[in-house]
Structures are given as C-alpha cells and as structure tokens.
Amino acid sequence: MPLPKAELHLHIEGTLEPELAFELAARNGVELPYADTDELRKAYQFEDLQSFLNLYYELMAVLRTEQDFADLADAYLARAAAQGVRHAEIFFDPQAHLARGVSMGTVVEGLWRALGTSESVHGVSTKLIMCFLRDESAASALQTLEAAKPYLDRITGIGLDSAEVGHPPVKFREVYEAAAALGLRRVAHAGEEGPPEYITEALDVLGVERIDHGLRCMEDPALVERLVRDRVPLTLCPLSNVRLRAVDVLAGHPLPAMLDAGLLCTVNSDDPAYFGGYAGDNFAAVRQSLGLTEERLRELARNSFLASFLEDDEERRARYLAEVEAYEFGSPDAL
Ligand code: ES4
Ligand code: ZN
C-alpha cells in the first residue's frame with residue numbers, strides 16, 4: 001500500500017502521456033510532427049525550463065474537446081490514486097488553450113467531468129487552480145480571470161507559471177488583487193529558475209499562500225528564516241528539478257537541507273508524463289537518492305495535507321492526516 005499523500009503541484013497538461021497524445025491526435029485529426037510514441041519520447045531531453053515548455057505547448061494541440069480534457073484528467077487521477085494520492089490540487093493553463101480557439105468552458109467543464117466523479121471513481125478529492133502564463137501580458141491575465149468568472153464555483157485558486165526569468169511577480173499585482181477580492185486562493189511558481197527575490201515578491205506583492213518550487217530560497221538565509229517562521233509551504237518537484245537542470249543530480253537536491261532548516265516542504269510531480277514519474281515515484285526517488293528516513297517521508301506526506309487548501313473540509317484533512325500517522329512502511333521502492 002502506498003504512503004497517503006496530497007499532490008499540490010501538478011499541471012494537468014503535463015500528465016499527457018505519449019500514448020494518449022497519439023490517441024487524441026487521431027481522434028481529432030491533428031497531425032503531430034513525430035512518427036510514433038518512441039520518437040516522441042526521444043524528444044524529452046530538456047536543457048532547461050524553456051526547452052521543456054516548447055514541447056509542452058506543442059503537444060497541447062491534441063486537446064480540443066471537453067471529452068479530451070476529461071480523458072486527460074481521468075488518466076491522471078487513476079495513476080495518482082495508484083500511487084497513494086488521496087487529494088490533488090490541479091493546475092491548468094487556460095491561456096494556452098484560449099490561444100488555440102478552445103474555450104474556457106470546454107476546458108473547465110471537460111476537466112470537471114473527471115474531477116466531479118473522482119472521489120467515487122478513484123477515491124481522490126480534488127481542487128482546481130487556474131494558472132496565468134507569466135510570459136504573457138498582465139492584460140491577458142486579467143482577461144483570463146474575466147473569462148473564468150462563470151466557472152468560479154469550480155476554481156479554488158490562481159497560480160502563476162511558464163517562463164520565470166524576466167517575468168517577476170510584480171507584473172501580476174493587479175490580477176492577484178482582483179482574484180483575492182473574488183475569494184480565490186493564491187499560489188505562484190517562484191525560485192525555480194528565477195532568483196530568491198521573486199519568492200519574496202510573490203509573498204509581499206501577490207499575497208501568495210504557497211510557493212511552487214521555491215528551491216532557490218536556499219541562497220538567502222533571511223528568506224529561509226521568514227519561510228520557516230511563517231510556515232509558508234513549498235511545493236518541491238524533485239524529478240522535475242533534475243530533468244530541467246535546476247539541480248545537477250537528484251543526490252545533490254537540497255531537500256534534506258531544506259527539511260533540516262525547518263521549511264514546510266512537500267514533494268510533487270509537476271509534469272509527470274515528461275519528467276519520469278508521478279507523486280509516488282518522486283517520493284521513492286528522494287528516498288533512494290537522498291536516504292530520507294521513514295519519519296522524514298512521513299513528515300513530507302503530513303506536510304502535503306497541512307499545506308492543502310482543505311479549510312472547507314477540516315474533517316477530511318484530519319482523516320487524511322490520521323492515515324499518514326497510521327501508515328506502516330513496507331518495501332523501499334514503493335511509496
Ligand atoms: C511548468 Cl516545471 C514548470 N515551471 C513553470 N511552468 C510550468 N508549466 C508547466 N510546467
Ligand atoms: Zn510547475
């Protein structure tokens with residue numbers, strides 16, 4: 001039985017496995033510039049965030065209908081459930097779809113077909129977080145928030161993703177203020193490729209409650225102290241960091257030092273179809289490469305529920321936390 005966990009940093013478009021990409025391409029008459037799944041997988045050799053994003057956006061061309069989004073989310077939820085995910089807070093990138101002529105309604109209603117039945121079908125509770133692309137304009141983000149207004153009963157919060165460097169959080173001050181006024185929760189990617197100052201700015205200017213990645217906080221001891229003091233959760237993605245070269249090798253990942261510093265770290269999969277593993281695979285990899293103890297692994301699982309947006313259902317959170325405390329570790333390669 002896998003360790004019960006929440007996944008808090010997961011881009012639904014990043015769960016598009018090559019097999020499903022080809023199936024959807026055929027269904028929608030979309031031509032992919034790859035002969036087959038093997039050739040596509042060979043393209044998964046990234047130099048950095050941007051080289052990954054290029055492929056990530058290219059493959060989205062196969063997502064056209066509500067059913068496509070439902071099938072994508074359902075496939076993710078099945079895999080996540082098999083790896084112990086009990087609760088998932090799922091990012092989506094509406095601007096990448098709107099730009100291709102796919103409407104907000106198609107995306108949200110499609111995802112909801114899977115999310116709405118996830119608890120009964122997969123035993124996974126879910127929330128949706130709408131991300132803005134930081135390499136698009138602030139005006140585009142505001143338009144996107146406007147387009148989402150009919151669907152706000154299905155959207156828990158907002159996030160900020162895509163190419164980080166050169167697109168500081170302050171660029172999105174206005175849309176974050178507007179989202180806060182609408183009662184939306186706020187997170188943002190910061191300190192993945194960008195400097196620690198972006199983490200500070202995301203907290204101070206955007207009012208975010210969690211930092212996605214946040215790896216580079218370790219360059220600034222005063223910032224670490226603040227994150228520890230204020231219990232700001234960081235949603236780390238170890239296998240992503242290796243594949244996008246934020247760290248050289250997994251054995252050199254700062255996760256153990258971050259836990260030792262008292263940071264509220266969580267382990268997540270980011271874009272599992274591209275980075276070589278889902279949530280449980282990330283836990284197993286850090287256990288193996290970083291020699292984390294069972295108590296550290298339990299702490300990571302506990303943190304994932306503490307950092308989740310389950311304030312509307314504290315009873316559920318307590319149930320998940322009790323499952324974590326009761327968990328008995330077994331085989332070292334399955335988590
Ligand atoms: C992303 Cl790893 C990562 N970083 C920033 N934006 C993203 N979108 C999808 N995956
Ligand atoms: Zn991400």
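This passage looks at helix α1 and then at the pairing of helices α8 and α9 in a predicted model.

Helix α1 runs over residues 18–28, and its buried residues are P18, L20, A21 and L24. Viewed down the axis of α1, these buried residues stay within an arc of 160 degrees, so they line one face of the helix. Turn to the other side of α1 and the picture changes: E19 and A26 are exposed there. As for what the buried residues pack against, there are three partners, namely α2 (37–42), α3 (49–59) and α4 (66–82). Just after α1 comes G29, and its phi is positive, near 65 degrees.

Further along the chain, helix α8 covers residues 138–148 and helix α9 covers residues 173–181. Their axes come within 8 Å and cross at roughly 20 degrees. Since angles under 35 degrees count as roughly parallel, that crossing makes α8 roughly parallel to α9. The handedness can be given too: α8 passes α9 in a right-handed crossing.

Which residues of α8 and α9 meet? On the α8 side they are A138, A141, L142 and L145, and on the α9 side they are E174, V175, A178 and A179. Sorted by class, this contact of α8 with α9 has seven nonpolar residues, one charged residue and no polar ones. The charged one is E174 of α9, while the alanines, leucines and valine in the contact count as nonpolar.

Notes:
Residues numbered from 1 in each chain as written. Chains lettered and ligands numbered in written order. Predicted model: local features only at pLDDT ≥ 70, side-chain atom pairs only at ≥ 80, totals over all residues. Buried ≥ 20, exposed ≤ 12 C-beta atoms within 10 Å, placed from the backbone. Helix = DSSP H or I, 4+ residues; strand = E, 2+ residues; numbered from the N terminus. Arc of directions from axis to C-beta. Contact = placed C-beta atoms within 7 Å. Axes fitted to C-alpha atoms, helices over the stretch in contact; angles between N-to-C directions. Parallel < 35°, antiparallel > 145°, perpendicular 65-115°, else oblique. Left-handed = near helix turned anticlockwise from the far one by under 90°.
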